[in-house]
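Q: Please take a close look at one part of this model, the sheet and the aromatic rings, and then go on to what surrounds other chosen elements. I would like the cut-offs stated wherever a term depends on them.

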Amino acid sequence: MTVVRRPWSVVKVVGFFALSALLLALSFPVEAQQAKKVPRIGFLCAMSGPSHHTEGFLLGLRERGYVDGQNIKIEYRFTEGKTDPFRELAAELVRLKLDVIVVASAPAIQPTMEATKTIPIVMAQSDDPVQSGSVKSLARPGGNVTGLSSMAPELSAKQLELLKEAFPKIARVALLRNASGSAASLQDMEKTARSLGVRLQSLEVGGPKDLDPAFVAMRKNRLGAVVIPQELIFFDYQEQLVDLSTKHKLPAIYAWSAFAEVGGLMAYGPSDRDLFRRAALYVDKILKGAKPADLPVEQPMKFELVINLKAAKQIGVTIPPNLLTRADRVIR
């Protein structure tokens, strides 16, 4: 029998490739299992679709290396300005077993908290998360909720100052108040009003049925303008409040830019775009292992003035050029 002896180099090469093929075959399932998981984020918002809110959030994600559809997946749910669907949509997002849920509207926080006690929840904006029970404290939130608060103690006073600057001749101003709100904010407002030479008249509102009578009372008492403060109850009635101020031709200043975007005259408050951009930082930290309970709730850092010139034309008023120049956004 003839024995064919292969040169050692050939045997060595053949063996190397055979071993490599075997190792590749054995390791492939492991590598497939260990393939990097694409994080899935829920985004629950009261808007009717993408807006400067979503733009700010996506900008914040891009600043941290995330691109939707590439290395992160965002599940959007919009309620078109209504609060009723929050509970249903929050439950729907929870069923998707997401990594984080971003709550883009303050009224959606409680329904989302009721839907899950385990999935991290990031508040892109909220009123007073401690008073509402969303977190235990700003410094140590506890639980599965953290994020940003849009509360600013001196905001209403600044609104009144801007209103007086826009309409120097006004002497009497209405202040809508939540019937169950704190009296401390009213005292601050009255102090500011006295310094501006303005008489302040507060009107308490407990629900939507109280809004129309409140505006009738403003006209009856010859009030020259109205401040809509940063109270969650008013956020739910955006269109109704804007329609009433337009109907009664009453200059109004609101605490959220969303009011100016749906036809309100002026808005001054925390920059929604900046809040949402910073919400992306919380998402990034949580995806990297941080626990919501240990991430302090931040308060607003950037404020913006938005003026709607279409609304000014509708109620027959003129905004001073110097105020228009200072505005962050002017809707024409």
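A: The description below starts with the sheet, turns to the aromatic rings, and ends with a second set of strands and a helix. The model is a predicted one, in which local features need pLDDT of at least 70 and side-chain atom pairs count only at pLDDT 80 or more, while totals for chains, interfaces and linings use all residues. Residues are numbered from 1 along each chain as its sequence is written, and side-chain values use heavy atoms, with hydrogens and water left out.

Helices (H or I, at least four residues) and strands (E, at least two) are DSSP runs numbered from the N terminus, and two strands pair if DSSP finds at least two bridges between them. On that basis, 5 strands make up an open sheet with parallel pairing, in the order E2-E1-E3-E4-E5. Its edges are strand E2 (73-78) and strand E5 (145-147); each has a single partner strand, so one side of each is left without a neighbour in the sheet. From one strand to the next, the twist averages 25 degrees, with axes fitted to C-alpha atoms (for helices over the stretch in contact) and angles running from 0 to 180 degrees between N-to-C directions. At the E5 edge, strand E4 (residues 121-123) runs parallel to E5 and is joined to it by 3 bridges, and Met123 has Gly147 in E5 as its bridge partner. Helix H3 (residues 86-95) packs on this sheet, where it touches E1, E2 and strand E3 (100-103) (contact: heavy atoms within 4.5 Å), and its direction makes about 180 degrees with that of E1.

The whole structure holds 7 aromatic pairs, counted when ring centres of Phe, Tyr or Trp (its six-membered ring) lie within 6.5 Å, with planes under 30 degrees apart called stacked, over 60 edge-to-face and the rest tilted. The centres of Phe43 and Phe57 are 5.3 Å apart and their planes stand at 40 degrees, so this pair is tilted. It links distant parts of the chain, as Phe43 belongs to strand E1 (residues 40-45) and Phe57 to helix H2 (residues 52-63), 14 residues apart. Phe43 has 0% relative accessibility and counts as buried, and Phe57, at 1%, is buried as well; the term means under 20% relative accessible area, with exposed over 50% and partly exposed in between (1.4 Å probe, protein chains only). The rings of Trp256 and Phe259 have centres 5.8 Å apart and planes at 25 degrees, so they form a stacked pair, and both residues are buried. One aromatic cluster is formed by Phe43, Phe57, Tyr76, Phe78 and Phe276.

Elsewhere, strand E10 (residues 266-270) has 5 of its 5 residues buried, so it is largely enclosed by the rest of the structure. E10 runs parallel to E9, with 2 bridges between them, and Ala267 in E10 is the bridge partner of Tyr254. With strand E11 (residues 303-308), E10 runs antiparallel and shares 5 bridges; here Tyr268 stands opposite Leu305 in E11.

In helix H9 (residues 238-247), the residues Gln238, Leu241, Val242, Leu244 and Ser245 are buried. Viewed down the axis of H9, its buried residues fall within an arc of 165 degrees, so they line one face of the helix, the arc being that of the directions from the axis to the C-beta atoms. Glu239, Asp243 and Lys247 are exposed on the other side of H9. Among the elements that the buried residues of H9 pack against are strand E9 (252-254) and helix H10 (257-261). After H9 comes Lys249, with a positive phi near 50 degrees.
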